[in-house]
Amino acid sequence: HYFEDQSVTVQGELVEFEYISPHAWVHVMVKDSTGQAQKYSAEWNNPNRLGQLKITKDTLKPGDFVVITGSPGRNSSELKMHLKAIDRPADGWKWPARRGQQ
C-alpha cells in the first residue's frame, strides 16, 4: 500500500487519533502549496504494540501540532502514509523515542 523506499514529511494540527485494531491512525490537517487544508492519514502500529511502548489513546489529542514522517501511499490522491516518526514540538515528545525518553 506504500512506497516504503520513499519518505515524506507533513506537519499540521491533529484532528483525530484512532487507537483501533488492527492499526492506529493519526489524522492531521496539512496545508498544501496553495494554503488549502487537507486531511492526511498516517497508519501506525497496532494498539497492543503501541501500549507496550507506553503510547495510549490519550497520548495524542486533537489540536496537537505534530510533524509526521513516513512512507507515502501508492495512490497519492488518498493522502495516506505509513508512519515512521512523529514529533510534537510543543513538549518535545517524539516517537520513536530517543534512548532514555518515554
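Let me begin with Lys54, which is exposed, at a relative accessible area of 62%, where exposed means over 50% relative accessible area, buried under 20%, and partly exposed in between, with a 1.4 Å probe and protein chains only. Before going further, I should say that this is a predicted model, in which local features need pLDDT of at least 70 and side-chain atom pairs count only at pLDDT 80 or more, while totals for chains, interfaces and linings use all residues. Residues are numbered from 1 along each chain as its sequence is written, and side-chain values use heavy atoms, with hydrogens and water left out.

Lys54 sits in the loop between α1 and β4, with helices (H or I, at least four residues) and strands (E, at least two) taken as DSSP runs and numbered from the N terminus. Lys54 is not a glycine, and yet its phi is positive, at about 65°. Leu79, in the loop between β4 and β5, likewise has a positive phi without being a glycine, in this case about 55°, but Leu79 is buried, with a relative accessible area of 19%. As background, most residues other than glycine have a negative phi, and most peptide bonds are trans.

On that second point, the peptide bond from Ser21 to Pro22 is cis, with omega near 5°, and Pro22 belongs to the loop between β1 and β2. Trp95 and Pro96 are also joined by a cis peptide bond, with omega about -5°, and Pro96 lies in the segment after β6.

Coming back to the loop between α1 (47-52) and β4, we also find Thr59 there, and Thr59 counts as buried because its relative accessibility is 15%. Which residues does Thr59 contact, leaving aside its neighbours within four places in sequence? They are Lys54, Asp64, Arg88 and Trp93, contact being heavy atoms within 4.5 Å. In addition, a polar atom of the Thr59 side chain lies 2.8 Å from the backbone nitrogen of Thr56.

Finally, the interior: the largest nonpolar core, meaning a set of buried Ala, Val, Leu, Ile, Met, Phe, Trp, Tyr and Cys residues joined through side-chain atoms within 4.5 Å, has 20 residues, and those with the most contacts inside it are Val26, Trp44, Leu60, Ile68 and Ile86. Two or more residues of this core come from each of β1 (8-18), β2 (25-31), β4 (65-72), β5 (80-88) and β6 (93-95). If we set aside residues up to four places away in sequence, Ile86 touches Val26, Trp44, Leu60, Val66, Val67, Ile68, Trp93, Lys94 and Trp95.

Note on methods
Polar contact = N/O pair within 3.5 Å; in protein donor to acceptor, adjacent residues only side chain to side chain.
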